[in-house]
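User: Please take a close look at one helix and the loop that leads on from its neighbourhood. Set that part in the context of the whole chain.

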Amino acid sequence: MTLSRPSPQAPHALRDAFRTVRSASRELAAPLSAEDQCIQSMPDASPTKWHLAHTTWFFETVLLQPHADGYRAFDPRFQYLFNSYYEALGPRHPRPQRGLLTRPSIDEVHAYRAHVDAGVERLLDTVDDAAWATIEPILTLGLHHEQQHQELLLTDILHAFSCNPLLPAYRPVAAPALRLATVPPPMQWRAQPGGHVEVGHGGAGFAFDNEMPRHRALLRPFAIADRLVRCGDYAQFIADGGYQRPELWLSDGWAAVQAQGWRAPAYWLASDDPRLAHQGGTAAGWQVFGLHGVRPMAPEAPVSQLSFYEAAAYAEWAGARLPTEFEWEAACADDGMTDMTGHVWQWTRSSYDPYPGFRPLPGVAAEYNGKFMVGQLVLRGGSVATPDGHTRPSYRNFFPPAARWQFSGLRLAKDL
C-alpha cells in the first residue's frame with residue numbers, strides 16, 4: 001500500500017495520533033444516549049454505534065488480523081456486522097438495516113474498541129523496522145478513515161434529530177444574544193488568469209488515492225467569488241420564487257423539487273412549521289436547525305444543507321455558475337479568497353472521475369475510493385464538522401447530486 005507522505009512516522013508518533021483520533025470519536029458520541037446511537041434515519045446514514053464499531057473493524061480487519069501475530073478477534077461475528085462495502089472481505093449486513101442492530105449493545109461496542117486499541121498498542125510496541133514499512137501506511141490510512149467517519153457521525157445524527165418532532169440539539173448552548181439584522185457584505189469577484197495549473201496532491205503529507213496523481217489542467221480565464229453564498233443571499237433566491245421556477249433548474253433537480261417538496265435548504269424551518277411549537281416562544285422569519293438546535297436564520301452565515309441541484313439553481317439565478325474542482329483548487333493560492341474551509345463543503349461542477357493515471361491502492365484498500373467514481377459530484381473545502389487537520393486544497397469529497405444532509409454549500413464562479 002503506497003500513500004503520499006514525507007517519510008514513515010515513528011511508532012511513538014503514530015501511537016499519539018492513534019490515541020487522539022480514537023478518543024475524539026468517543027467524545028463525539030458522549031452527548032448521545034444509547035437510543036440516539038442506535039437510530040438510522042435513512043439508508044444513506046448510519047447509526048453512531050455503527051460508526052464506532054466500523055472504524056474499529058477497519059483496524060482489526062485490515063491491520064491487526066494480517067499483521068499482528070497471535071491477535072484474536074474480539075467477536076468473529078463482527079466481521080459480518082461492521083464491514084461497510086469491502087466485497088473482497090466477504091458478505092456483510094445490509095446497509096439500509098444498520099439501525100436494526102440493537103445488539104451488540106453500546107457497551108459491547110466500547111469493549112470492542114478497547115480490545116482493538118490494546119491490540120494496536122501491542123503491535124506498535126513490538127513491530128520491527130522491516131514490518132513497520134508495511135504497517136505504517138495502513139495505520140495512517142485508518143486514522144484518516146476514522147476522521148471521515150467522525151464527520152459522518154455528526155451529519156448522520158443531525159439528520160436523525162431533524163426527523164424528531166422535538167428537534168433535539170446534539171450539543172445545546174445558551175440562547176444567542178439578540179442582535180440587529182445584518183446584511184451580508186457584497187461579494188467580490190477574484191479574476192483568475194487560467195492557463196495550465198498543477199492540481200492534485202504531490203510531495204509531502206498524506207493524501208487519499210483519489211487526490212493523485214498530481215497533473216496539469218488547462219483552465220480558461222475565470223472569476224470566482226471571494227466568499228461563500230450566505231443565508232441572506234439564499235433567502236433572496238427563495239423570496240424570488242427560486243423553488244417555483246423550472247427554468248433555473250437542471251431537469252433531474254426540478255424533478256427532485258417536485259417529488260420531495262423542496263422549498264428551502266434541508267434544515268430551514270418556516271415560521272408556521274408545527275415543529276417550532278415545541279421550541280418555546282414564537283418564531284419570526286426563517287429558523288435553522290443545526291447541531292446546537294433551532295436558531296434564527298443568520299443572514300451572514302454560509303448557507304448549508306444544499307444539494308448540488310439547489311446550488312446549481314442558485315448559481316443560474318445569480319447569473320453565474322459553480323466552479324470546477326480545478327478552478328477551486330487553483331483559486332486557493334489567491335490570498336483574497338475567504339471561507340475556503342471550515343464552514344461548508346462546496347459543490348463544484350466536476351464529476352467525480354479518476355485523474356489521468358489514477359491507480360487504486362493495492363490490496364483491500366483498492367475498494368476505498370475508485371469503485372465510487374461514477375454518478376457523483378466533487379465537493380471541495382471542508383465543513384464545521386470536518387476534524388481539525390483533515391483538510392487540504394487537493395481533498396476530493398464526493399456525493400450524489402441530490403444529497404442535502406451534509407454541511408454542503410457553494411461559492412459562485414463565472415467565465416471571463
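The request concerns helix H8, and the answer starts from the whole chain before turning to that helix and to several loops. Which residues of helix H8 (residues 251-260) are buried, and which exposed residues does the face turned away from them carry?

Analyst: This is a predicted model. Start with the whole chain. It holds 10 helices and 12 strands. A compact globule of 416 residues would have a radius of gyration near 22 Å, and the chain agrees, because its own value is 22 Å. Along the principal axes, the C-alpha atoms fill a box of roughly 65 × 55 × 40 Å. Of the 416 residues, 53% count as buried. Contacts reach far along the sequence: of those between residues at least 6 apart, 78% join residues at least 24 apart. The accessible surface is about 18400 Å², and carbon and sulfur atoms account for 55% of that area. Charge is spread with little offset between the signs: the mean positions of the 36 positive and 43 negative charges are 1 Å apart.

Now the helix. H8 spans residues 251-260, and its buried residues are Gly253, Ala256 and Val257. Viewed down the axis of H8, these buried residues fall within an arc of 100°, so they line one face of the helix. The face turned away from the buried side carries Ser251, Asp252 and Ala259, which are exposed. What lies over the buried residues? The cover includes helix H9, residues 308-317. Right after H8 comes Gly261, with a positive phi near 70°.

H9 leads to the next stop, the loop between strand S7 (293-296) and H9, where Met297 lies. Met297 has 17% relative accessibility; the cut-off for buried is under 20%, so Met297 counts as buried. Leaving out residues up to four places away in sequence, Met297 touches Cys231, Gly232, Ala235, Trp268, Trp286, Gln287 and Val288. A distance sets Met297 in the wider fold. Pro137 is 160 residues away along the chain, and the two C-alpha atoms are separated by 43 Å.

Gln305 sits in this S7 to H9 loop as well. Its phi is positive, about 60°, although Gln305 is not a glycine. Gln305 is also buried, at a relative accessible area of 5%.

Asp339 is another non-glycine residue with a positive phi, again about 60°. Its loop runs between helix H10 (325-331) and strand S8 (345-351). At 19% relative accessibility, Asp339 counts as buried, because the cut-off is under 20%.

Two cis peptide bonds deserve a check of the backbone. One joins Arg103 and Pro104, with omega about 5°. Pro104 belongs to the loop between helix H4 (78-81) and helix H5 (106-126). Another joins Met212 and Pro213, with omega about 0°. Pro213 is in the loop between strand S2 (195-199) and strand S3 (215-219).

Next, a loop residue in the later part of the numbering. Ser394 is placed between strand S9 (377-381) and strand S10 (397-399). Ser394 is buried, with a relative accessible area of 5%. Beyond four places in sequence, Ser394 touches Gly200, His201, Glu211, Glu329 and Arg380.

Finish at Leu416, in the segment after strand S12 (413-415). Leu416 has 56% relative accessibility; exposed means over 50%, so Leu416 counts as exposed. Exposure does not leave Leu416 without partners. Neighbours within four places aside, Leu416 is in contact with Ala191, Gln192, Pro221, Phe222 and Ala223. One of these, Phe222, is 194 residues away along the chain, yet the C-alpha atoms of the two residues are separated by 4.9 Å.

Back to the helix, then. The picture of H8 is two-sided: Gly253, Ala256 and Val257 are buried, whereas Ser251, Asp252 and Ala259 are exposed on the face turned away. H9 is among the elements covering the buried side. The loop that runs from S7 to H9 holds Met297 and Gln305. Met297 is buried at 17% relative accessibility, and Gln305 is buried at 5%.

Technical notes
Residues are numbered from 1 along each chain as its sequence is written. This is a predicted model: local features need pLDDT of at least 70, side-chain atom pairs count only at pLDDT 80 or more; totals for chains, interfaces and linings use all residues. Side-chain values use heavy atoms; hydrogens and water are left out. Helices (H or I, at least four residues) and strands (E, at least two) are DSSP runs, numbered from the N terminus. The radius of gyration is taken over C-alpha atoms; the globule rule is 2.2 Å times the number of residues to the power 0.38. Buried means under 20% relative accessible area, exposed over 50%, partly exposed in between (1.4 Å probe, protein chains only). Contact means heavy atoms within 4.5 Å. Accessible areas come from the Shrake-Rupley method with a 1.4 Å probe; for residues, only the protein chains shown count as cover. Lys and Arg count as positive and Asp and Glu as negative; His and the chain ends are not counted. The place of a charge is taken as NZ of Lys, CZ of Arg, CG of Asp or CD of Glu. The arc is that of the directions from the helix axis to the C-beta atoms.
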